[in-house]
Each structure stands twice: as C-alpha cells, then as structure tokens.
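I opened this model to look up its largest pocket and one helix beside it. My notes are below the structure.

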Amino acid sequence: MVPQAVVEEIDQGGKIYVPELTRLDWISVMPNDTTPTHHLLFQLDYGERHVILNALKMQLPLVLLDDRMARNIAEYLGLTVKGTLGVLAEAKRKRLITSFK
C-alpha cells in the first residue's frame, strides 16, 4: 500500500527512475490521511508524513522509509521500520534476487 502523497512525489520525477506506481497491479494507492496525530509529523516531507499517518491509522506492522528523521519518528510512534537496503538484503538472502549495487 502506498499513500497518494508518495505517488504524487514520484510523479514529479527525481534522480532515479521509479515506474508509475498506479500502473503496477500489486500496489494499492491509499488516500492521504489528513489528520496528523503528533506534532513531530509536521517536520517531515509530504510523502513520509502520509506513510506514517496511514500506517498508524491502519495499524500496519511495517513501514518502508529511508529518510533518517522519518525513520526515527516512526519508531518513536511505535512502528517497525525497514529501509530500501534492508528490503534488498532480505530479498538477496531469500534468493529472490541475485545481487544489488
């Protein structure tokens, strides 16, 4: 599940190529939760803030975040966090991919 805020940020483009998320059938786009529950969330970027808000609202067991401040705040709020490198390392360990650079 991906918040609409993340889709909007990716659609703006960036340094790395990311496919259009709405075209991937294994991704569900969630509406943004607009009710911040903690003042710390206002320090985060749009996408990270909505990842955390939606995870808290839906009681999700895990969030994928790379931004250090967002990771710290998510953990402080009781969420389990994994980053991109952690996902890639786990995929390699499970032999879902052969390598990553």
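These entries cover the pocket, then a helix, then one residue in that helix.

The model is predicted, so I note the limits: local features need pLDDT of at least 70, side-chain atom pairs count only at pLDDT 80 or more, and totals for chains, interfaces and linings use all residues. Residues are numbered from 1 along each chain as its sequence is written, and side-chain values use heavy atoms, with hydrogens and water left out.

Pocket. I looked up the largest pocket (an open set of points on a 1 Å grid over the protein atoms alone where a 1.4 Å probe fits, with protein on both sides within 12 Å along at least five of seven lines). Its volume, the space filled by probe spheres set on the points, is about 1,300 Å³. I found 33 lining residues, meaning residues with an atom within 4 Å of a point. Val2, Val6, Ile10, Leu64 and Thr84 lie nearest the centre. Helix 2 gives the most to the lining, 5 residues.

Helix 2. I checked helix 2 (46-58), a DSSP run of H or I with at least four residues. The 13 residues should span 18 Å at 1.5 Å a residue (times one less than their number), and the end C-alpha atoms are 18 Å apart, which agrees. Gln59 follows helix 2 with a positive phi near 55°.

Asn54. I then picked Asn54, in helix 2. Asn54 counts as buried (under 20% relative accessible area, 1.4 Å probe, protein chains only) because its relative accessibility is 4%. Beyond neighbours within four places in sequence, Asn54 has contacts (heavy atoms within 4.5 Å) with Pro3, Met30, Pro31, Asn32, Asp33 and Leu60.

Key. Helix = DSSP H or I, 4+ residues; strand = E, 2+ residues; numbered from the N terminus. Buried < 20%, exposed > 50% of the residue type's maximum accessible area, 1.4 Å probe, protein only.
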